[in-house]
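Got your viewer open? Let's take a short walk through this one, selecting a few spots as we go.

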Amino acid sequence: RIGHKLTVARDKMTYKELLKELQTLSTEQLGQDVTVHLSEVGEYVPVYSVCVAVGDEDEDEDQIVLGN
């Protein structure tokens, strides 16, 4: 299901890099539902929220998290 254009970050992707990729999408593509591919299990899952972690031991303070 992954198409012809696949950008792979050298390390973990930053939100700045994600924004740069999003800016190349068409208006139609930007209107699509946000989906994340979980490569370890070969599944696609929808994103329902964007959160900022506060005071969580497992996450850095102010870490932006996409939720499903």
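**Stop one: the last strand**

Start by selecting G67, which sits in strand β4; strands here are DSSP runs of E with at least two residues, helices are runs of H or I with at least four, and both are numbered from the N terminus. Before you go further: this is a predicted model, where local features need pLDDT of at least 70 and side-chain atom pairs count only at pLDDT 80 or more, while totals for chains, interfaces and linings use all residues. Residues are numbered from 1 along each chain as its sequence is written, and side-chain values use heavy atoms, with hydrogens and water left out.

Is G67 buried or exposed? G67 is buried, because its relative accessible area is 16%; buried means under 20%, exposed over 50%, and partly exposed in between, using a 1.4 Å probe and protein chains only. Now show what touches G67: beyond its neighbours within four places in sequence, the contacts are P46, V47, Y48 and S49, a contact being heavy atoms within 4.5 Å. Put a distance label between the C-alpha atoms of G67 and P46 and you should get 8.4 Å, for two residues 21 apart along the chain.

Slide over to L66, also in strand β4. L66 counts as partly exposed because its relative accessibility is 37%.

**Stop two: the nonpolar patch**

Keep L66 selected and add Y15, V36, V50, V52, V54 and I64: together they make a nonpolar surface patch of about 580 Å². β3 (49–52) and β4 (64–67) are the elements that give two or more residues to this patch. Patch members have over 30% relative accessible area and no salt bridge; nonpolar side chains (Val, Leu, Ile, Met, Phe, Trp, Tyr) are joined within 5 Å, like charges within 9 Å. A salt bridge is a side-chain nitrogen of Lys or Arg within 4 Å of a carboxyl oxygen of Asp or Glu. Areas come from the Shrake-Rupley method with a 1.4 Å probe, and for residues only the protein chains shown count as cover.

**Stop three: the hairpin**

Next, select 35–38 and 43–46, strands β1 and β2, which run antiparallel and are joined by four bridges; strands pair if DSSP finds at least two bridges between them. Click T35 and look across to its bridge partner in β2, P46. Four residues lie between the two strands of this hairpin, and G42 in the turn has a positive phi of about 65°.

From P46, jump to D33, in the loop between α2 and β1. Their C-alpha atoms are 7.3 Å apart, across 13 residues of chain. D33 counts as exposed because its relative accessibility is 71%.

**Last stop: zoom out**

Show everything as cartoon and you'll find two helices and four strands, in the order α-α-β-β-β-β. Of the 68 residues, 6% are buried. Colour by pLDDT, the predictor's confidence in each residue from 0 to 100: the average is 83, and 76% of the residues score at least 70.
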